[in-house]
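Subject: The structure I said I'd send

Hi,

Here is the structure I promised you, with the sequence alongside. Open it up, and then read on for what turned up in it.

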Amino acid sequence: MTRIWRDFLAALVDAIRRRPDGRAIAEERRRAVRRLAEEKIRQERRPADPPD
């Protein structure tokens, strides 16, 4: 989870430095939110999955 937050913050800092168009920033945010959602889903499923 830490890696995802680090990637998100790095993308945010990079976006601020470069000042790309609004569409590029929105796309990066969508990717970051998708990664966070996928990680959260994985975390919630772990305890529910039966042990091997």
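Lysine 40 is partly exposed, because its relative accessible area is 42%, and partly exposed covers the range between under 20% (buried) and over 50% (exposed). Keep in mind that this is a predicted model. You'll find lysine 40 in helix 2. Try locating methionine 1 as well: it sits 39 residues away from lysine 40 in sequence, yet the C-alpha atoms of the two are 8.2 Å apart in space.

Now look at glutamate 39, also a helix 2 residue. Is glutamate 39 buried or exposed? It counts as buried, since its relative accessible area is 9% and the cut-off for buried is under 20%. Leaving out residues up to four places away in sequence, glutamate 39 touches Met1, Ile4 and Arg46. So methionine 1 comes up again here: glutamate 39 touches that residue, while for lysine 40 what we have is the C-alpha distance of 8.2 Å.

For the protein in general, there are 2 helices and 0 strands. Of its 52 residues, 13% are buried, and glutamate 39 is one of the buried ones. The accessible surface adds up to about 4600 Å², and carbon and sulfur atoms hold 54% of that.

Next, the empty space inside. Rolling a probe the size of a water molecule over the atoms shows where such space is left. How many cavities of 30 Å³ or more does a search of the whole structure find? The search gives 1, and the largest cavity has a volume of about 60 Å³. Its lining is made up of Phe8, Ala11, Leu12, Ala15, Ile25, Glu28, Arg29 and Ala32. Two elements each give two or more residues to that lining: helix 1 (2-18) and helix 2 (22-48). Sorted by class, the lining has 6 nonpolar residues, no polar ones and 2 charged ones.

One of the lining residues deserves a click: glutamate 28, which is found in helix 2. The side chain of glutamate 28 makes a polar contact of 2.4 Å with the side chain of arginine 31. Setting aside residues up to four places away in sequence, glutamate 28 touches Ala11 and Arg35. Ala11 is on the list of lining residues too.

Have fun looking around!

Definitions and conventions:
Residues are numbered from 1 along each chain as its sequence is written. This is a predicted model: local features need pLDDT of at least 70, side-chain atom pairs count only at pLDDT 80 or more; totals for chains, interfaces and linings use all residues. Side-chain values use heavy atoms; hydrogens and water are left out. On a 1 Å grid over the protein atoms alone, a cavity is a set of points where a 1.4 Å probe fits but cannot get out, and a pocket is an open set with protein on both sides within 12 Å along at least five of seven lines; lining residues have an atom within 4 Å of a point. Grid points are joined across faces, edges and corners, and a volume is the space filled by probe spheres set on the points. Helices (H or I, at least four residues) and strands (E, at least two) are DSSP runs, numbered from the N terminus. Ala, Val, Leu, Ile, Met, Phe, Trp, Tyr, Cys and Pro count as nonpolar, Asp, Glu, Lys and Arg as charged, and the others, Gly among them, as polar. Buried means under 20% relative accessible area, exposed over 50%, partly exposed in between (1.4 Å probe, protein chains only). Accessible areas come from the Shrake-Rupley method with a 1.4 Å probe; for residues, only the protein chains shown count as cover. A polar contact is a pair of N or O atoms within 3.5 Å; within protein, one must be able to donate a hydrogen and the other to accept it, and residues adjacent in sequence count only if both atoms are side-chain atoms. Contact means heavy atoms within 4.5 Å.
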